[in-house]
Amino acid sequence: MTQDEQFMKEAIRLSRQAVEHGNEPFSAVLVKDGQIVFTNENQIFTESDPTFHGELGLLRRFCHETGITDLRDYTLYSSCEPCFMCCGAMVWTKLGRLVYGASDIDLCRIFGQEGSECCQIVFSRSGHQPAVTGGVLREEALEVLTAYFGT
């Protein structure tokens with residue numbers, strides 16, 4: 001198992017946990033130097049905050065709790081490709097690398113809609129472009145999304 005797969009497994013586990021806690025199945029894991037430094041799951045329902053996505057919540061809390069706002073040396077693992085809002089937060093925090101499981105296109109297919117490559121759209125039009133690796137444990141991530149949203 002690669003390091004990316006190891007950390008993605010944790011992100012997918014947390015996405016399942018988010019559902020158990022009454023939220024949607026999304027989560028994020030922040031890693032530096034091969035170690036998990038922070039995790040977060042989607043909390044839009046339990047916190048009554050539609051912006052409390054796994055990724056944005058993680059970035060907001062990590063930066064607040066540590067005082068660190070430049071994340072060039074960090075990798076964020078997300079169970080699903082982050083939305084435009086969360087990608088914007090990654091630009092502002094200068095995230096070094098993003099790794100995700102299922103894509104936005106995958107997620108939108110579950111809803112019978114057409115998706116986009118959110119990350120590439122936001123990053124290509126910004127002053128900071130994290131390195132991006134998509135599709136890590138994609139099928140496993142899709143299983144969680146499909147179980148929650150149905151097809």
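Okay, let's start with Val19, which sits in helix α1, the stretch covering residues 3-20. Keep in mind throughout that this is a predicted model. How exposed is Val19? It comes out as partly exposed, because its relative accessibility is 32%. And Val19 has company: together with Phe45 and Tyr148 it makes a nonpolar surface patch of about 250 Å².

While we're in α1, have a look at Glu10 and Arg13. They form a salt bridge, and their closest N and O atoms are 2.8 Å apart. Both residues belong to helix α1, and they're 3 residues apart, about one turn of the helix. Arg13 counts as partly exposed, since its relative accessibility is 39%.

Now, if you're new to this: side chains of opposite charge can pair when their charged atoms come close. How many salt bridges turn up in the whole structure? The search finds 9.

Let me show you another one, in helix α2. Here Arg61 pairs with Glu65, and the closest N and O atoms are 4.0 Å apart. Those two are 4 residues apart in α2, again about one turn of the helix. Arg61 is partly exposed, at 31% relative accessible area, whereas Glu65 is exposed, at 52%.

Next, Arg138 and Glu139. Their side chains meet in a salt bridge at 2.7 Å, N to O. Arg138 is partly exposed with a relative accessible area of 30%, and Glu139 is partly exposed too, with 48%. This pair isn't on its own, though: Asp106, Arg109, Arg138 and Glu139 are linked in a network of salt bridges.

Okay, let's go inside. The largest nonpolar core has 21 residues, and the ones that touch the most other members are Leu30, Leu76, Met90, Leu95, Leu98 and Phe123. Which elements give two or more residues to this core? They are β1 (27-32), α2 (54-66), α3 (84-92), β4 (97-102) and α5 (118-124). Out of these, α3 gives the most, with 5 residues.

So let's stay with α3 for a bit. Cys86, Cys87, Gly88, Ala89, Met90 and Val91 are buried in this helix. What do the buried residues of α3 pack against? They pack against α2, β3 (75-80), β4 and α5.

You can see a piece of that from the other side by clicking on Phe123. Leaving out residues up to four places away in sequence, Phe123 touches Cys87, Met90, Val91, Leu98, His128, Gln129, Pro130 and Val132. There's also a second, separate core, with 19 residues, including Phe7, Met8, Ala11 and Ile110.

Back to Cys87, where there's a nice puzzle. The sulfurs of Cys87 and Cys119 are 3.3 Å apart, and each is the other's nearest cysteine sulfur. Why no disulfide, then? To count as a disulfide, the two sulfur atoms have to be within 2.5 Å, so this pair doesn't make the cut. The total for the structure comes to 0 disulfides. As for where these cysteines sit, Cys87 is buried, with a relative accessible area of 0%, and Cys119 is buried as well, at 1%.

Not everything in α3 is tucked away. Trp92 is in this helix too, but Trp92 is exposed, with a relative accessible area of 72%. Here's a distance you can try for yourselves: Trp92 and Ala131 are 39 residues apart in sequence, and 14 Å apart in space, C-alpha to C-alpha.

Last topic: backbone angles. After α3 comes Lys94, and its phi is positive, near 55 degrees. Where else can we look? Try Ser48, which isn't a glycine and has a positive phi near 50 degrees. Ser48 lies in the loop between β2 (35-41) and α2, and it counts as exposed because its relative accessibility is 66%.

Then there's Leu137, also not a glycine, with a positive phi of about 55 degrees. Leu137 is found in the loop between β5 (131-133) and α6 (138-149). Is Leu137 buried, exposed or partly exposed? Partly exposed, at 21% relative accessible area.

If you take one picture away with you, make it α3: the helix that gives the most residues to the largest core, with its buried residues packed against α2, β3, β4 and α5, and with Trp92 exposed.

Note on methods
Residues are numbered from 1 along each chain as its sequence is written. This is a predicted model: local features need pLDDT of at least 70, side-chain atom pairs count only at pLDDT 80 or more; totals for chains, interfaces and linings use all residues. Side-chain values use heavy atoms; hydrogens and water are left out. Patches are made of residues with over 30% relative accessible area and no salt bridge: like charges are joined within 9 Å, nonpolar side chains (Val, Leu, Ile, Met, Phe, Trp, Tyr) within 5 Å. Accessible areas come from the Shrake-Rupley method with a 1.4 Å probe; for residues, only the protein chains shown count as cover. Buried means under 20% relative accessible area, exposed over 50%, partly exposed in between (1.4 Å probe, protein chains only). A nonpolar core is a set of buried Ala, Val, Leu, Ile, Met, Phe, Trp, Tyr and Cys residues joined through side-chain atoms within 4.5 Å. Contact means heavy atoms within 4.5 Å.
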